[in-house]
Amino acid sequence: MNKLFKIMQYGALGFGAFLIGGLLIPEKIIIPVKGASTNDWNHSTFWYAPWGASGVHKGIDIFGIKNTKVLAATGGVVIFAGELSRGGKAVAILGPKWRVHYFAHLNGYTVTAGDFVSAGEQIGLLGDTGNAAGKQPHVHYSILSLVPYPWLITGQSQGWKKMFFLNPDKKLTSL
């Protein structure tokens with residue numbers, strides 16, 4: 001029993017060090033569309049409501065010309081590259097600070113789950129897939145924190161979810 005306790009104790013310490021290590025990795029974020037500037041999205045659409053089936057818009061839409069390169073906003077590991085009903089062709093990257101960077105409505109993607117990417121590396125092409133079909137080509141970009149920030153909760157529609165969704169506009173306009 002004592003040996004089992006020691007194994008669990010060291011396992012918990014190792015897991016804690018792993019979690020803290022992920023929080024300490026510096027996060028370098030770039031605008032994820034090649035050639036785009038802060039003029040290529042509406043700065044007030046994060047958490048805009050009402051927003052279709054999702055209720056609120058949990059990211060920003062960066063517009064451009066169809067098939068423009070979509071870049072990894074930060075380095076990390078690709079945890080999803082595939083197709084979703086609403087997001088269309090999409091990619092999700094687990095980056096520093098335990099944050100998932102989600103890119104939707106791509107015309108195509110150039111990565112697969114398990115790939116390691118650097119900030120600025122091409123991950124796909126700007127498009128209008130999923131529920132953006134027929135709309136101006138763009139990438140929906142969201143940042144989802146796996147570590148909750150409860151002080152971000154508001155009384156807005158679905159405001160409790162704000163502890164997990166960070167405003168990409170604030171990250172990108174502070175570059």
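## A tour by strand and loop

Start by selecting F80 and A92: the bridge partner of F80 is A92, which sits in strand 4. Keep in mind as you click around that this is a predicted model.

Now widen the selection to the two strands involved. Strand 3 covers residues 76–84 and runs antiparallel to strand 4, with 7 bridges between them. To get from strand 3 to strand 4, follow the hairpin, where 3 residues make the connection.

Stay on strand 4 and colour residues 88–95 by accessibility. Is this strand enclosed or open to the outside? Of its 8 residues, 7 are buried, so strand 4 is largely enclosed by the rest of the structure.

Next, pick strand 5, residues 99–106. Strand 4 is joined to strand 5 by 6 bridges, and the two run antiparallel. For a pair to zoom in on, try G95 and R99: R99, in strand 5, is the bridge partner of G95. Then check the hairpin of strand 4 and strand 5, with its 3 residues between the strands. Put K97 on a Ramachandran plot and you'll find a positive phi near 65°.

Time to move to another sheet. Select strands 2, 8 and 6: they form an open sheet in the order 2-8-6, with antiparallel pairing. Which strands lie at the edges? They are strand 2 (69–71) and strand 6 (108–109), each pairing on one side only. If you're switching on hydrogen bonds, remember that strands of a sheet pair through backbone hydrogen bonds, either parallel or antiparallel.

Zoom in on strand 2 and strand 8 (residues 122–125). These two run antiparallel and are joined by 3 bridges. Here, select K69 and look across to L125 in strand 8, which stands opposite.

From strand 8, carry on along the chain into the loop that leads to strand 9 (138–145), and stop at D128. Is D128 buried or exposed? The cut-off for buried is under 20% relative accessible area, and D128 has 17% relative accessibility, so it counts as buried. Show its neighbours too: leaving aside residues up to four places away in sequence, D128 touches K66, H105, A133, G134 and K135.

For the last stop, jump back to helix 1, residues 2–24, and select F18, which is located there. Add F15 and L19 to the selection and turn on the surface. Together, F15, F18 and L19 make a nonpolar surface patch of about 310 Å².

Technical notes. Residues are numbered from 1 along each chain as its sequence is written. This is a predicted model: local features need pLDDT of at least 70, side-chain atom pairs count only at pLDDT 80 or more; totals for chains, interfaces and linings use all residues. Side-chain values use heavy atoms; hydrogens and water are left out. Patches are made of residues with over 30% relative accessible area and no salt bridge: like charges are joined within 9 Å, nonpolar side chains (Val, Leu, Ile, Met, Phe, Trp, Tyr) within 5 Å. Accessible areas come from the Shrake-Rupley method with a 1.4 Å probe; for residues, only the protein chains shown count as cover. A salt bridge is a side-chain nitrogen of Lys or Arg within 4 Å of a carboxyl oxygen of Asp or Glu. Helices (H or I, at least four residues) and strands (E, at least two) are DSSP runs, numbered from the N terminus. Two strands pair if DSSP finds at least two bridges between them. Buried means under 20% relative accessible area, exposed over 50%, partly exposed in between (1.4 Å probe, protein chains only). Contact means heavy atoms within 4.5 Å.
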